[in-house]
Amino acid sequence: MDNTVRKVYADNAATTAVSDEVLQAMLPFFKEVYGNPSSLYELGQQAKAPLEEARAATAACLGAKPNEIYFTSCGSESDNWAIKGAARAQRRKHGKPHIITSAFEHHAVLHTCQALEREGFTVTYLPVHKDGLVRVEELEAAITENTALVTIMYANNEIGTIQPIPEIGQVCKAHGVLFHTDAVQAIGNVHIDVKAQNIDMLSLSGHKIHAPKGVGALYIRSGVAVDNFMDGGAQERGRRAGTENVAEIVGLATAIQRATDTIDQRVARLTPMRDRLIDGVLKIERSRLNGSREHRLPGNVSFCFQGVEGESLLLMLDMKGISASSGSACTSGSLDPSHVLLSIGLPHEVAHGSLRLSFGDYNTEEDVDYILGVLPQIIDRLRNMSPLWDAIKTGSVNYDPYM
Ligand SMILES: *Cc1c(COP(=O)(O)O)cnc(C)c1O
């Protein structure tokens, strides 16, 4: 009997491993080329050139110009900067205090919007439908003459649904409203062209695409008024001070080039794996897929299982070598059900039994086989221990008519 536990990392939406290619690209900048890019002597200029090449490469991946790319410390910083910076500038210049977002954004967006409410902004939180999508008509109807900014994520980190971003960009442009999108999960999975899709600002993060944690970027279309993020030196054209994290910026640029050059291959490889996983898991009784099956990231699936508690499910999967998540990494540790699952209309009791499996470039068909082999038994065991399962099975407790 083989007792070695297989390891399956199925939490690529939480973070990814740094790729060898990214690591190799970064290494020279820790010890040999350690100069400050702002220094005029050769060692400094040796760091400056790769920094600007990284900017140009990142821009090219998005259809942007190099001077529209600002490097930041993470996706959360990019979201904070875009939303606070644009909202405050719009209110000051044009007296517009209204922001539109969706109910299921990442906390980096939601909590930023809530902070702006405390500064006197009004925020509309668009409903998200059962399919995990906002409706463009509802967005358009929410726009008023006071609307400064719309911020809608490209793809959701918990349930993987992809929003109609080009259509949203079109509506925002037609109404003269700025449009920001958090594209952290979308990079490498969807073809993005900020000009063609009328995106004014876009956030991305390195560690979701095989670059290290602690580096991100923000695209700001030239001409869009956004307050500076950090005062200090003249780095990032005076708008985001702080000596540049050259190594990680080079790593980010390497990763985003690889991610965007291989979108079609990634989609072609992961989509059938994802669909096989969905079909296999949905054979488990009283299970559901969260969000549209069609408008979904190629590597993301999210399920709920009635009569199962998400945290116990994760622990049992972990004992089988499977790293997965229930809700988002940011909400785990608290017992509150995920705001994302509640936003698509799930009752608390159902939202508690959620499981997100997210695949990336290092996952294989064997990972799918392994998950499909162990998951049904684990669900069975947990249900047999649950005081509620009998009542759910006999129908005397019914949380969700769709399961
Ligand atoms: C991970 C993530 C973020 C935050 O990025 P960090 O680099 O971890 O700050 C923001 N938005 C989405 C959709 C994410 O998945």
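Biologist: What makes both faces of strand E6 count as covered?

Modeller: In this predicted model, Leu-178, His-180 and Asp-182 on one side of E6 and Phe-179 and Thr-181 on the other are all buried, and buried means under 20% relative accessible area. Five of the five residues in the strand, which covers 178-182, meet that description, so E6 is mostly covered.

Biologist: How do you know that E6 pairs with strand E5?

Modeller: Two strands pair if at least two bridges are found between them, and three bridges join E5 (residues 147-151) to E6, the two running parallel. One of the bridge partnerships is that of Leu-149 with Leu-178 in E6.

Biologist: Why is the connection from E5 through helix H7 to E6 called right-handed?

Modeller: The term applies if, with the strands pointing away from the viewer, the path from the first strand over the helix to the second runs clockwise. The chain crosses from E5 through H7 (residues 165-174) to E6 as a β-α-β crossover, and this crossover is right-handed.

Biologist: Which strand does E6 join through Thr-181, and how many bridges are there between E6 and strand E7?

Modeller: The bridge partner of Thr-181 is Leu-202 in E7. Three bridges join E6 to E7 (residues 201-205), again with parallel strands, and as pairing requires at least two bridges, E6 and E7 count as paired.

Biologist: What makes strands E2 and E4 the edges of the sheet?

Modeller: The open sheet has seven strands in the order E2-E8-E7-E6-E5-E3-E4, with mixed pairing. Strand E2 (69-72) and strand E4 (122-126) each have a single partner strand, so one side of each is left without a neighbour in the sheet. Neighbouring strands are turned by 20° against each other on average, direction ignored.

Biologist: How do you know that helices H3 and H7 pack on this sheet?

Modeller: Contact means heavy atoms within 4.5 Å, and helix H3 (residues 42-62) touches E2, E7 and strand E8 (216-220), its direction making about 115° with that of E2. H7 touches E5 and E6, and its direction makes about 160° with that of E6.

Biologist: Why does the radius of gyration agree with that of a compact globule?

Modeller: With 403 residues, a compact globule would have a radius of gyration near 22 Å, and the protein has 22 Å, so the two agree. Along its principal axes the C-alpha trace spans about 70 × 55 × 35 Å, and 58% of the 403 residues count as buried.

How values were computed. Residues are numbered from 1 along each chain as its sequence is written. This is a predicted model: local features need pLDDT of at least 70, side-chain atom pairs count only at pLDDT 80 or more; totals for chains, interfaces and linings use all residues. Side-chain values use heavy atoms; hydrogens and water are left out. Buried means under 20% relative accessible area, exposed over 50%, partly exposed in between (1.4 Å probe, protein chains only). Helices (H or I, at least four residues) and strands (E, at least two) are DSSP runs, numbered from the N terminus. Axes are lines fitted to C-alpha atoms, for helices over the stretch in contact, and angles run from 0 to 180 degrees between N-to-C directions. The radius of gyration is taken over C-alpha atoms; the globule rule is 2.2 Å times the number of residues to the power 0.38.
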